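Open the model in your viewer and keep the sequence panel beside it. This tour tells you what to select at each stop and what you will find there.

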Amino acid sequence: MPPPSDIVKVAIEWPGAFPKLMEIDQFRSILFYIFVFRWSLGNHENFALQNADSTNFYITEKVGIYFLVISSQTAAQLHERIQSSSMDAKLEALKDLANSSRDVTFAQEFINLDGISLLTQMVESGTERFYWLLLLCFSFGDLLSFTLTAFVELMDHGIVSWDTFSVAFIKKIAGYVNKSAMDTAVLQRSLAILESMVLNSQDLYQKVAQEITIGQLIPHLQGTDQDIQTYTIAVINALFLKAPEDKRQEMAHILAQKQLRSIILSNVIRSPKPINDEMAHQLYVLQVLTFNLLEDRMMTKMDPQDQAQRDIIFELRRIAFDVECEPNNSGSIEKRKSMYTRDYKKLGFINHVNPAMDFTQIPPGMLALDNMLYFARHHQDAYIRIVLENSSREDKHECPFGRSSIELTKMLCETLKVGELPSENCHDFHPMFFTHDRSFEEFFCICIQLLNKTWKEMRATSEDFNKVMQVVRDQIMRALTQKPNSLDQLKSRLQNLSYTEILKIRQSERMNQEDFQSRPILELREKIQPEIMELIKQQRLNRLCDGTCFRKISSRRRQDKFWYCRLSPNHKVLHYGDLEESPLGEVSHDLLQEKLPVADIKAVVTGKDCPHMKEKGALKQNKEVLELAFSVLYESDEYLNFIAPDKHEYCVWTDGLNALLGKEMTSDFTKSDMDTLLSMEMKLRLLDLENIQIPEAPPPIPKEPSNYDFVYDCN
């Protein structure tokens with residue numbers, strides 16, 4: 001007779017004693033079983049159960065986990081051992097502490113013993129001579145690296161505020177970063193600590209900014225260790241993100257002086273090593289923060305009474321019509337006004353009398369005028385050609401340069417999301433933007449020439465302006481998805497995406513998305529829709545059974561820790577647990593230490609309703625993270641928080657969890673899948689009505705010819 005489902009067999013081991021195989025009732029206290037072993041362990045509150053797979057995760061009364069060994073008073077013992085006078089014993093203790101600190105149960109106990117203060121004192125009191133002696137005794141400065149690793153792991157749990165640390169500690173950590181020769185592990189941890197300090201405390205940002213300069217960080221980018229390069233860019237991003245608005249332009253100027261862009265291009269982007277996801281994310285963040293410097297100009301209206309701003313418009317006129325300019329004292333005022341009006345009309349402004357009024361719309365504000373002036377000065381021949389070319393056309397066929405530039409600048413700002421916070425999970429950086437110091441302006445120059453070319457290909461009139469802008473947006477978006485490595489490569493790909501090519505692509509897409517609207521077809525769709533919905537539901541539940549790797553929610557921007565969650569095959573339990581690194585495939589249920597019965601789930605909430613989105617944090621309020629956040633609520637006040645790796649996984653999990661709870665699946669992906677599967681099923685049924693046989697297997701692939709030495713006879 002099989003044992004009851006509530007009973008599980010667990011091997012429990014005490015150091016120095018034989019392991020015991022016990023039958024444990026899941027509904028009784030785990031620590032109750034410690035006492036039935038009669039090992040005279042003392043007060044049960046001093047003990048926890050540790051996972052036997054060497055991941056050092058501890059189990060208390062609140063968590064039901066199996067395959068365990070007993071760990072006695074580990075926090076107190078390690079707190080004492082790391083103060084040992086023996087260097088060997090201290091090193092071993094710090095190594096154990098670095099491993100154990102990843103577990104929140106252990107971390108809480110160690111922090112309650114004032115363990116964080118002890119670690120910071122160890123760092124502050126260490127003299128340079130002391131640590132250099134350690135480097136000679138222990139390879140790679142293990143003692144210091146384990147100390148800093150334990151500190152980082154403990155702080156990542158968010159139990160202790162970052163505002164509690166002294167200037168002396170900050171100076172020590174900054175000193176390790178500023179040294180030209182430092183152990184890699186120590187340097188990596190030090191950079192991680194500085195990043196967390198800056199992101200989590202405005203006061204610490206000020207102190208760190210006084211100790212670290214961009215010039216001291218640059219050499220770390222010129223090495224070959226991609227992890228060190230990633231952490232370095234993360235610190236630069238953190239300093240950039242937390243800097244007051246009036247300091248960001250100054251910081252950008254320093255970055256330009258230190259040639260940060262070209263160093264990243266040479267040593268990171270064009271490095272022989274492939275760029276990993278974390279580096280791609282940090283490059284994306286730097287790209288976003290750099291473009292966000294344009295926000296001030298984008299949101300600044302032009303003052304029609306400001307002579308300096310009006311002079312920019314005069315400069316555009318002078319460059320375009322230099323041969324036609326006349327001295328200010330020639331002719332009457334009325335004649336000069338008429339001449340200016342004529343020229344402003346040729347330049348394509350909406351307001352021919354006072355073109356300054358065209359730049360009062362925000363966005364793009366003054367940024368559009370900046371782009372036009374850059375194009376006129378740095379690509380003068382192309383600028384003059386576009387203006388004069390349109391001047392010679394009929395009024396209704398001319399492409400208005402001024403109006404086009406304003407709308408194009410607005411479009412590019414929307415495309416690159418100028419002014420928005422970087423997303424936590426995005427890796428979408430574009431290498432071409434690191435190839436030029438004025439990449440946004442150069443991007444504009446390429447696109448304005450594309451717009452003029454597309455206008456001619458479409459034989460557009462003034463009434464077609466919005467249609468042309470839609471085609472240009474399509475061309476730009478399709479070219480960007482190919483991730484060109486340089487601006488020249490972008491230009492080449494845009495040349496291939498002519499208006500004729502866009503029409504072909506759209507026609508092909510339209511045919512693939514063909515929808516049948518006749519009444520019999522609609523009735524058939526309605527009839528088979530429940531079958532398709534059930535199919536989608538099964539697919540979602542199967543995906544939950546496969547499981548997904550999620551990034552852990554951390555106080556640091558860089559989330560380099562993972563946890564995995566999957567549904568049991570019988571759809572009754574969610575298994576989850578922490579991982580050392582992102583897995584290459586599925587993770588077995590046996591390796592996931594924690595579980596949540598589906599019957600205990602009360603609700604699934606998303607976005608701003610999630611508990612972890614209600615917490616205050618500089619990086620938790622941006623739109624992308626909110627769109628990927630969901631939580632499973634169970635019992636009275638317990639919850640399991642998720643941030644999906646992408647929108648697809650978010651929809652799969654929210655749909656699957658809703659299906660488990662018997663609720664409707666309402667995500668965009670469900671609607672898309674429904675449309676796709678319905679369309680496919682309809683076409684198959686219509687083919688069947690026409691008695692067209694669809695083979696069970698695909699046709700065989702033609703054999704490769706054995707002899708290529710042949711000629712086709714055209715006669």
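## The whole chain

Among contacts in the protein chain with a separation of 6 or more, 66% are between residues 24 or more positions apart. Keep in mind that this is a predicted model. Show the chain as a cartoon: its secondary structure comes to 30 helices and 12 strands. The chain has 715 residues, and 46% of them count as buried. Now switch on the surface. The protein chain exposes about 37300 Å². Carbon and sulfur atoms supply 51% of that area.

## Stop 1: histidine 220

Select residues 214-221. This is helix α11, and histidine 220 sits in it. Is histidine 220 buried or exposed? Its relative accessible area is 10%, so histidine 220 is buried; the cut-off for buried is under 20%.

Now show the side chain of histidine 220. One of its polar atoms lies 2.7 Å from the backbone oxygen of valine 177. Which residues touch histidine 220, once neighbours within four places in sequence are left aside? Select Val177, Lys179, Leu187, Ile228, Gln229 and Thr232 to see these contacts. Valine 177 thus appears twice at this stop: as the owner of the backbone oxygen and in the list of contacts.

## Stop 2: threonine 230

Move on to residues 226-242, which form helix α12. Pick threonine 230 within this helix. Threonine 230 counts as buried because its relative accessibility is 4%, and buried means under 20%. Add Glu278, Met279 and Gln282 to the selection. Threonine 230 is in contact with these residues, leaving aside its neighbours within four places in sequence.

## Stop 3: two cis bonds in one loop

Select the loop between α18 (333-346) and α19 (366-378), where proline 363 is found. Proline 364 lies in this loop too. Look at the backbone here. The peptide bond joining isoleucine 362 and proline 363 is cis, with omega about -20°. Step along to the bond between proline 363 and proline 364. That bond is cis as well, and its omega is about 15°.

## Stop 4: glutamate 398

Next comes the loop between α20 (380-391) and α21, which holds glutamate 398. With a relative accessible area of 14%, glutamate 398 is buried. Which residues are in contact with glutamate 398, apart from neighbours within four places in sequence? Show Lys345, Asn390, Arg393 and Trp455.

Then draw a distance from the C-alpha atom of glutamate 398 to that of threonine 461. The separation is 7.1 Å, though the two residues are 63 residues apart along the chain.

## Stop 5: two positive phi values

Select lysine 417 in the loop between α21 (401-415) and α22 (439-458). What is the phi of lysine 417? It is near 55°, a positive value in a residue other than glycine. Lysine 417 counts as partly exposed, at 41% relative accessibility.

Go on to arginine 459, in the loop between α22 and α23 (465-480). Phi of arginine 459 is also positive, near 50°, and this residue is not a glycine. Arginine 459 counts as exposed because its relative accessibility is 71%; exposed means over 50%.

## Stop 6: three strands

Select residues 573-579. This is strand β8, and six of its seven residues are buried. Add strand β7 (residues 562-567): β7 and β8 pair in the antiparallel sense over six bridges. To follow one bridge, find tryptophan 563 and its partner in β8, aspartate 578. β7 and β8 form a hairpin, with five residues between them. In the turn, select histidine 571, which has a positive phi of about 65°.

Which strand pairs with β8 over four bridges? Strand β9 (residues 594-597) does, in the antiparallel sense. Here histidine 575 stands opposite lysine 595 in β9.

## Stop 7: a nonpolar patch

Finish with the surface on. Select Met680, Leu684, Leu687, Ile692 and Ile694. These residues make a nonpolar surface patch of about 420 Å². Zoom in on leucine 684, which has its place in helix α30 (residues 668-689). Is leucine 684 buried or partly exposed? At 40% relative accessibility, leucine 684 counts as partly exposed.

Conventions:
Residues are numbered from 1 along each chain as its sequence is written. This is a predicted model: local features need pLDDT of at least 70, side-chain atom pairs count only at pLDDT 80 or more; totals for chains, interfaces and linings use all residues. Side-chain values use heavy atoms; hydrogens and water are left out. Patches are made of residues with over 30% relative accessible area and no salt bridge: like charges are joined within 9 Å, nonpolar side chains (Val, Leu, Ile, Met, Phe, Trp, Tyr) within 5 Å. Accessible areas come from the Shrake-Rupley method with a 1.4 Å probe; for residues, only the protein chains shown count as cover. A salt bridge is a side-chain nitrogen of Lys or Arg within 4 Å of a carboxyl oxygen of Asp or Glu. Buried means under 20% relative accessible area, exposed over 50%, partly exposed in between (1.4 Å probe, protein chains only). A polar contact is a pair of N or O atoms within 3.5 Å; within protein, one must be able to donate a hydrogen and the other to accept it, and residues adjacent in sequence count only if both atoms are side-chain atoms. Contact means heavy atoms within 4.5 Å. Two strands pair if DSSP finds at least two bridges between them.
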